[in-house]
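Please look over the sequence and the three-dimensional structure shown here before reading the explanation.

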Amino acid sequence: MSEISPRYVVAVVGAATAGSEIARILASRGVRVIVIEQNPRPYGKIEDGLPRWHVKQRRDEFEEINKRLDHPNIEFVPLTRMGRDIEFNELRTGWGLSAIVLCNGAWRDRPFPVEGADKFIERGLIYQNPLIYWFNHYPERSYTGPRYAPVPGAIVVGGGLASFDVVKVLQFETTLAALRARGIHEDMVRLEREGIEPVLSTYQLEWRQLGIQPCKLFYRRRVLDMPLSDIPTDAPPKRVEAMRQARVKILDKARRKYLFEFEERRVPTGLIENDGHLGGLQMSQTEVSGGQVRILPATAEPVHAPLVVSSIGSIPEPIPGIPQRGEVYEFVDEKIGLLIDGPTAVYAAGNVLTGKGNIKNSLESGTAVGIHIAEAYLGVADDGTLPSLADGARQVAAREGRQIASSITARPPLTAGQVAKILERVRLRQREVGYHGNYRRWIEEVTPPDLQ
Ligand SMILES: Cc1cc2nc3c(=O)[nH]c(=O)nc-3n(C[C@H](O)[C@H](O)[C@H](O)COP(=O)(O)OP(=O)(O)OC[C@H]3O[C@@H](n4cnc5c(N)ncnc54)[C@H](O)[C@@H]3O)c2cc1C
C-alpha cells in the first residue's frame with residue numbers, strides 16, 4: 001500500500017475497461033481509489049461478452065486491465081455488488097467519499113418488444129447476455145450457471161454487431177454437435193476463422209449433408225441501416241452512401257462464411273405458444289422512411305422456430321437513487337459524465353455513458369472522465385508519470401476541464417481521519433470476501449485454469 005496520504009478517496013463501481021482506466025488515472029495522481037466489482041475477476045464484457053474465439057484479444061485486454069488495477073493506491077473490492085452488498089445511496093451519503101464513478105456497463109437485455117414474451121424465458125426464449133455468458137464459460141469444469149442447448153432452425157431478432165455473434169454461436173454449436181454425432185471433434189475457433197464450409201470440406205463433407213436447418217436473423221430496418229460500422233456524423237454524403245453499401249458486403253461475407261439466413265424489415269408482433277413453450281413469432285413487415293420504422297398493418301405471418309434469441313441491445317441496470325430517463329440514466333451534464341452533483345459527486349463512464357458496445361469507446365470515455373475528475377473536479381494535476389493517453393480524448397477532457405476550472409476549489413480534501421474511516425469499511429468488506437490485498441495473487445487464485 002502507498003505511503004502517500006491521499007487527500008481524496010473516489011469509489012469506482014465496475015472494474016472493467018472503463019473502470020480500470022479511471023482508477024489508473026486517479027491512482028497515479030495520488031488519489032486513493034476503491035474499485036467495487038461484483039465478480040471475482042474485473043474483466044466485465046471482455047470476459048463475459050466478447051466471444052471466446054477472440055482468443056488473443058481477450059488475453060491482451062485481461063492483461064491491460066490487470067496492469068491498470070495493480071497499483072498501490074487502488075483498493076480492489078471484488079465479489080461486491082452495488083445494490084445488493086452496498087446500497088448506492090449509502091455509498092453516496094454515508095461513506096464520505098470525494099466522488100463516485102459508475103462504470104457498471106450495460107448488463108440488462110432490452111426487453112423483447114412483444115407483451116408477455118418474458119414468461120417464455122428459458123422455455124423457448126433466451127436473451128443475448130445469458131447466452132453469450134454461457135458460451136464463454138461452459139467449457140470450464142467449474143461452470144455451474146444455466147446451460148443452453150442451441151438447436152437448429154432458431155431465430156434471432158437483432159441487427160447489431162452482437163447479434164452477428166449470437167448467430168455465429170448458434171451456427172457453431174449446431175455444426176459441432178452434428179460433427180460430434182459423426183465422431184468428429186472439431187474446434188470452434190477454426191470454424192470461426194476459416195468459415196464452416198472450408199472446415200467441413202477437410203472431412204469431405206458439405207453443409208447440406210449435415211441436415212442442419214440454419215438459424216435466421218431478422219432485422220427491423222434495412223441492411224443499409226445496420227449499425228455494423230460507425231459512420232462519422234461529419235462524413236460527406238458520398239462517403240455516407242459508400243459506408244452504407246459496405247454494410248451489405250459485410251453481411252454477405254458473414255452469410256457466406258457462417259451460412260445463416262437473414263431477412264430485413266421484419267419485426268416480431270406476436271407470439272406462437274406451443275404447449276407452454278414459445279414455438280415461434282408472428283413477424284410483421286416494416287417500412288423505413290426518414291429514419292423511422294413503421295410497422296405495416298395486416299402483414300403478420302407466423303414463423304415457427306424451436307428457439308428465439310433476443311439480441312436487440314443492452315441497457316444499464318436501474319439503480320435506486322440514480323434518476324432515469326427511459327432506458328438510460330439522466331445526466332446533469334452528459335458531456336462530462338456528471339450524474340449527480342453535490343459533496344460526493346457521481347459520474348459515469350464507459351458503456352453506461354456512451355451507450356455503445358465498443359471497447360475503444362469505453363476506454364476513451366474512461367480516459368476523458370478520469371482526467372476530468374482529476375483535473376477539474378478534484379484539482380489534482382498530472383504528476384508526469386502517466387502513460388500516454390489517447391490524444392483526442394485527452395484534449396477534449398482537458399478543454400472541458402479548463403472551462404469549469406472555477407469549480408476546482410469547491411472540493412475540500414478529506415482529513416486523515418475521514419480517509420481512515422473509509423478505509424476501515426473497505427478492509428471490512430475485503431475481509432468478508434476473502435480479498436487479501438495482493439491483486440496479482442488474487443487474480444491467480446480466482447481464475448479457473450481452463451478459462452479461455
Ligand atoms: C457479444 C458481444 C460482442 C462484442 N464484440 C465486441 C467487439 O468485437 N469489439 C468491441 O470493441 N467491443 C465488443 N463488445 C463490447 C465490449 O465488450 C464492451 O462494450 C466493453 O467491453 C464495455 O466495457 P465497460 O467497461 O464500459 O463495461 P463492462 O465491461 O460491462 O464493465 C462493467 C463492469 O461493472 C461490473 N458491474 C456491473 N454492475 C455492477 C454492480 N451493480 N456492482 C458492482 N459491479 C458491477 C461488471 O461485472 C463489469 O465488470 C462486444 C460485446 C458483446 C456483448
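The following paragraphs treat the domains, the surroundings of the ligand, a sheet and a hairpin in turn.

The model is a predicted one. Its protein is divided into domain 1, comprising residues 9-107 + 316-446, and domain 2, comprising residues 108-314. The C-alpha centres of domain 1 and domain 2 are 33 Å apart. Where the domains meet, 13 residues of domain 1 are in contact with 14 residues of domain 2. On the side of domain 1 that touches domain 2, 6 residues are nonpolar, 2 are polar and 5 are charged.

Where does the ligand lie with respect to domain 1 and domain 2? Both domains give residues to the shell around the ligand, so the ligand lies between them. In total, 35 residues surround the ligand, and the closest are Gly14, Gly44, Gly49, Gly105 and Gly350. By character, the shell around the ligand consists of 15 nonpolar, 15 polar and 5 charged residues. Several helices take part in this shell: helix 1 (17-27), helix 2 (45-48), helix 6 (161-181) and helix 12 (359-378) each supply at least two of its residues.

Attention now turns to a sheet. It is an open sheet of 5 strands with parallel pairing, and the order of its strands is 6-14-7-8-9. Strand 6 (125-127) and strand 9 (261-263) stand at the edges; each has a single partner strand, so one side of each is left without a neighbour in the sheet. From one strand to the next, the twist averages 20 degrees.

Within this sheet, strand 7 (residues 155-157) and strand 8 (residues 216-218) pair in the parallel sense over 3 bridges. Isoleucine 155 stands opposite lysine 216 in strand 8. Helix 6 packs on the sheet, where it touches strand 7, strand 8 and strand 14 (308-310). The direction of helix 6 makes about 170 degrees with that of strand 7. Helix 6 thus appears in two settings, as it packs on the sheet and also supplies at least two residues of the shell around the ligand.

The last element to consider is a hairpin. Strand 11 (residues 277-289) and strand 12 (residues 292-295) run antiparallel and are joined by 4 bridges. One of the pairings links valine 288 with valine 293, its bridge partner in strand 12. The hairpin formed by strand 11 and strand 12 has 2 residues between the strands. In the turn, glycine 290 has a positive phi of about 60 degrees.

Conventions: Residues are numbered from 1 along each chain as its sequence is written. This is a predicted model: local features need pLDDT of at least 70, side-chain atom pairs count only at pLDDT 80 or more; totals for chains, interfaces and linings use all residues. A residue is near a molecule or strand if its C-beta atom, placed from the backbone, lies within 6 Å of it. Ala, Val, Leu, Ile, Met, Phe, Trp, Tyr, Cys and Pro count as nonpolar, Asp, Glu, Lys and Arg as charged, and the others, Gly among them, as polar. Domain bounds come from an automatic or database domain assignment. Two residues are in contact if their C-beta atoms, placed from the backbone, lie within 7 Å. Two strands pair if DSSP finds at least two bridges between them. Axes are lines fitted to C-alpha atoms, for helices over the stretch in contact, and angles run from 0 to 180 degrees between N-to-C directions.
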